[in-house]
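Please review the briefing on the structure shown here. Chain dimensions, strand pairing and helix packing are the topics.

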Amino acid sequence: MNPRARSSIEEDLRLLEVRPPRGFADRVVARYALVAGPVGELCVAWTSAGISMADFISPGGEPGFARRYRERFGRPILPAARPLPGLAAAARSGRGRKLRYDLAGLSAFEVGVLEATLAIPVGEVRPYAWVAAEIGRPRAVRAVGSALGRNPVPVLIPCHRVTRSDGTIGNYGGGPARKEALLRAEGADLDELADLAAAGVHYVGSTATGIVCLPSCHSCRRIAPARRRGFRDLAEAGTAGFRPCRLCRPGLPRSA
Amino acid sequence: MSVAGARRRPASGLQRNRRGGVLSGVTSSVPTGDAEICRRLADDLDAGFVDLVGAYGRLVFTVAARATPAADAEDLAAESFLRAYRALRGYGASRIRQLRLRPWLVTIVLNSARNARRDAARRPRTDPFGPGEEPLSSQRDAADLAAAADAAGKLGRRLAGLPAKQRTAVVLRHVVGLGLAEIAVILGCPEGTARSHVARGLAALRAAYAVEGDPAPGTGHGERRGT
């Protein structure tokens with residue numbers, strides 16, 4: 001065998017070395033940053049796959065947050081040199097929809113619940129049953145509640161915008177007081193919603209358009225008082241000739 | 001200026017003879033790297049881990065891409081590093097300081113590949129939430145990819161066609177440059193057996209060249225046999 005060919009095959013094998021793509025370390029090692037939320041400070045963790053954890057922390061609470069992250073994900077985490085683009089703005093405004101999330105490790109049901117919740121606009125609220133209907137599991141209302149209770153990314157995935165249909169705000173991982181503060185900070189009129197619920201009004205329609213909405217939907221908040229009509233349920237609204245709003249989708253199953 | 005120039009060591013001392021035995025001795029590119037990174041890992045696991053990924057990203061990626069039949073080398077490499085991290089979390093500082101990182105990491109990649117194959121047979125993958133766009137990290141250099149595909153494609157495919165033991169042995173010896181003793185530990189066989197896996201793998205690759213009758217790629221810009 002000729003020695004030139006012999007040495008060349010070994011050299012060629014050296015060329016088969018594969019370099020990791022740029023940013024590979026950010027896929028393995030998570031980063032965290034502190035951002036100002038609507039109510040207090042929020043610590044947020046992410047990798048290149050997306051945001052996977054957020055938590056309210058008190059001053060100096062970052063090491064504890066990092067420890068909880070490592071326990072939960074078994075992944076290294078360090079303070080970020082630069083904040084994730086868009087994160088600070090999303091935390092301030094409550095608009096977390098444009099960020100990318102990494103919910104690996106959650107069940108398909110939990111992911112569905114969080115995805116539906118992410119679609120609730122700032123300052124509006126939806127009943128637990130609405131989320132259940134959105135994901136095509138109308139009877140799983142309680143399961144929706146517990147899935148929201150395990151939301152790993154509070155505030156950015158706005159589980160605080162899911163409230164009870166009796167007009168009370170319901171439970172919250174960070175405490176009901178914080179849920180109320182978050183909702184009031186983003187302009188939800190909780191007192192009006194409670195009054196409506198107490199009066200047995202769960203849907204509001206406009207006699208001008210013939211459209212019926214959930215009471216916090218921004219399109220029904222502009223209805224002139226003279227044209228406002230309250231309904232106990234959708235059947236009553238349907239009999240009166242109203243059709244459900246396409247924005248807040250009261251009781252609509254998710255379109256297939 | 002001239003003083004500084006005079007002090008500079010001549011570069012020729014570092015050059016290696018292409019045909020001499022020195023080339024086959026290019027086994028460890030960072031001889032002190034292991035100990036230094038072990039020390040950093042023992043001091044601060046998470047900060048040291050960034051150094052580990054930086055120093056051994058190539059090793060782990062190459063083994064994932066070349067020595068296993070994994071469909072996605074990046075997934076396997078990421079999974080392997082996470083397994084390494086989880087293991088290190090359970091080790092004491094003194095054990096971390098004594099680790100021989102390269103064979104240890106290679107073993108983790110090979111085990112992860114086996115587990116991934118078994119898991120894939122058991123359950124289908126579920127999609128995480130979010131738009132289907134590629135994660136940032138997988139955007140490779142187009143030029144890089146094209147060049148690699150061109151030069152390495154043929155040999156890479158031949159290598160992939162070798163029996164698993166030979167393929168692994170050839171990759172560890174000649175692609176990532178581990179020593180035979182380390183390879184024997186990784187494969188769990190005597191050193192002599194490791195050597196013969198490497199030799200048989202190389203022989204099979206050479207036979208493939210001979211059968212197809214083309215010059216070995218990578219050496220021959222402008223060179224022709226028989227002229």
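The points below cover the overall form of one chain, a set of paired strands and a helix pair.

This is a predicted model, in which local features need pLDDT of at least 70 and side-chain atom pairs count only at pLDDT 80 or more, while totals for chains, interfaces and linings use all residues. Residues are numbered from 1 along each chain as its sequence is written, and chains are lettered from A and ligands numbered from 1 in the order in which they are written.

**Chain A overall**
- Chain A has ten helices and ten strands (DSSP runs, H or I of at least four residues and E of at least two, numbered from the N terminus).
- The radius of gyration of chain A is 24 Å, against near 18 Å for a compact globule of 256 residues (taken over C-alpha atoms; the globule rule is 2.2 Å times the number of residues to the power 0.38).
- Along the principal axes, the C-alpha atoms of chain A fill a box of roughly 95 × 45 × 30 Å.

**Strands of chain A**
- Strand β7(A) (residues 203–206) runs antiparallel to β9(A) (residues 228–231), joined by four bridges (pairing requires at least two DSSP bridges).
- Tyr203(A) has Phe231(A) as its bridge partner in β9(A).
- Three bridges link β7(A) to β8(A) (residues 211–213), also in the antiparallel sense, with Val204(A) opposite Cys213(A).
- The hairpin of β7(A) and β8(A) has four residues between the strands, and Gly210(A) takes a positive phi near 70°.

**Helix pair in chain B**
- Helices α4(B) (residues 73–90) and α6(B) (residues 101–122) pack at about 120°, with axes 9 Å apart (axes are lines fitted to C-alpha atoms over the stretch in contact, and angles run from 0 to 180 degrees between N-to-C directions).
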